[in-house]
Amino acid sequence: MQDQVNLGALLDAMRGNPPLVQCITNFVAMNIAANVMLAAGASPAMVHAEEEAGEFAAISGALTVNIGTLSPGWLAGMLAAVRSANHAGKPWVLDPVAHYATAFRRKAVAQLLELRPTIIRGNASEIIALTGGNSGGQGVDSRDPVDMAEDSARQLASRHGCVVAVTGATDFVTDGHKAQRVEGGSPLMPRITALGCSLTCLVGAFAATAPGNPFDATVAALAVFAVAGEQAGAAADGPGSFSWRFLDVLATLDAETLTAKARVVVA
Ligand SMILES: Nc1ncnc2c1ncn2[C@@H]1O[C@H](COP(=O)(O)OP(=O)(O)OP(=O)(O)O)[C@@H](O)[C@H]1O
Ligand SMILES: Cc1ncsc1CCO
Ligand SMILES: [Mg+2]
């Protein structure tokens, strides 16, 4: 029997002591991800230069690394930040955006995986391809259902000793032993760019709050997105109004509502 994650307590704990999270994310995501973090109650800093990324990781509560708009200089900054986070015992989250698309990305992700991420968060196509499976992904967009990625997620979690989150219509989280699904969200979410990248940063915020429990931290971040996405989606006229409504709902979502509305089930 798996314990229920105490979602409301984790949200209050995160907001009560807003974690500084170093977010190395892509050019597309930087603004929306920072706004999502601030609305949810975390403290993001987009710091990626090789000259300072390692120093900054040492003073952050967690680090997130997203390869969406990769270049050699950024990769050097990512590797410096990850080595420093590992040295300082800080959790770090990998978002392997479209890693299957080019040799440069594949090599970068292999290097990052060797440095043992605490958590990997990706869409179904990305997670399937990380175990060498045939994914239907096109560029940064998933073309596979989450249930097709569940075996890959379990394998990946066991192989790398990390938590793996696959997101989509219903999310799946595993540490290789236990697994849970998070239902909710809105079909409008994949129609706005970089919400997955923003979610990766929020996973980092919860991991900073609960560094000893990356599984619960991941479920909590996904549940916040699922509940806020569902509420924003119910009121939105399309992707544009969804985007601002999502930020407003994130900012007002309280622990009681999160606990009452979240649909987290054992897988
Ligand atoms: N069809 C859907 N219905 C409900 N929620 C969804 C759906 N698709 C995605 N989501 C939600 O959208 C959020 C982002 O997940 P998604 O899998 O789209 O990330 P992604 O593909 O990495 O996004 P991006 O690369 O654009 O940042 C998650 O909270 C996920 O649960
Ligand atoms: C559209 C896009 N291109 C590179 S990264 C990114 C954001 C979604 O992953
Ligand atoms: Mg993505």
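What follows walks through the sheet, the helix packing and the two ligand shells of this predicted model.

The sheet is a handy place to start. Nine strands make up an open sheet with mixed pairing, laid out in the order β2-β1-β3-β4-β5-β6-β7-β8-β9. The edges are held by β2 (43-45) and β9 (263-266); each has a single partner strand, so one side of each goes without a neighbour in the sheet. Ignoring direction, the average turn between neighbouring strands of this sheet is 20 degrees. Further in, β3 (residues 62-66) and β4 (residues 92-95) run parallel and are joined by four bridges. In that pairing, Val65 sits opposite Leu94 of β4.

Next come the helices. Two packed helices are described by the angle between their axes and the distance between the axes. For α3 (residues 50-59) and α4 (residues 72-88), the axes come within 7 Å and cross at roughly 25 degrees. With angles under 35 degrees counted as roughly parallel, α3 and α4 are therefore roughly parallel to each other. The crossing of α3 past α4 is right-handed. On the α3 side, the contact draws on Glu50, Ala53, Gly54, Ala57 and Ala58, while α4 brings in residues including Gly73, Ala76, Gly77, Ala80 and Ala81, along with Arg83 and Ser84. Sorted by type, the residues of this α3 and α4 contact come out as eight nonpolar, four polar and two charged.

Helix α9 (214-235) turns up in two of the packings described here, one with α10 and one with α1. Its axis comes within 8 Å of that of α10 (residues 239-252), and the two cross at roughly 135 degrees. That angle makes α9 oblique to α10. Here too the crossing is right-handed, with α9 passing α10. The residues that meet are Ala228, Gly229, Gln231, Ala232, Gly233 and Ala235 from α9, and Phe242, Arg245, Phe246, Val249 and Leu250 from α10. By type, this contact of α9 with α10 splits into seven nonpolar, three polar and one charged.

With α1 (residues 7-16), the packing angle of α9 is about 90 degrees and the axes are 10 Å apart. That puts α1 roughly perpendicular to α9. Leu7, Leu10 and Leu11 are what α1 brings to the contact, and they meet Asp216, Ala220, Ala223 and Val224 of α9. Six of the residues in the contact of α1 with α9 are nonpolar, none is polar and one is charged.

That leaves the ligands. Ligand 1 has 22 residues around it, and those that come nearest are Asn123, Thr167, Gly185, Met189 and Gly196. Helix α9 shows up again here: along with α8 (195-209), it supplies at least two residues of the shell. The biggest giver to the shell around ligand 1 is α8, with four residues. By type, this shell holds twelve nonpolar, nine polar and one charged.

Around ligand 2 sit Asn26, Val28, Ala29, Gly68, Thr69, Val97, Val140, Thr193, Ala194 and Cys197. No charged residue appears in this shell, which divides into six nonpolar and four polar.

Note on methods
Residues are numbered from 1 along each chain as its sequence is written. Chains are lettered from A and ligands numbered from 1 in the order in which they are written. This is a predicted model: local features need pLDDT of at least 70, side-chain atom pairs count only at pLDDT 80 or more; totals for chains, interfaces and linings use all residues. A residue is near a molecule or strand if its C-beta atom, placed from the backbone, lies within 6 Å of it. Ala, Val, Leu, Ile, Met, Phe, Trp, Tyr, Cys and Pro count as nonpolar, Asp, Glu, Lys and Arg as charged, and the others, Gly among them, as polar. Axes are lines fitted to C-alpha atoms, for helices over the stretch in contact, and angles run from 0 to 180 degrees between N-to-C directions. Angles under 35 degrees count as roughly parallel, over 145 as roughly antiparallel, 65 to 115 as roughly perpendicular and the rest as oblique. A crossing is left-handed if the near helix is turned anticlockwise from the far one by less than a right angle, and right-handed if clockwise. Two residues are in contact if their C-beta atoms, placed from the backbone, lie within 7 Å. Two strands pair if DSSP finds at least two bridges between them.
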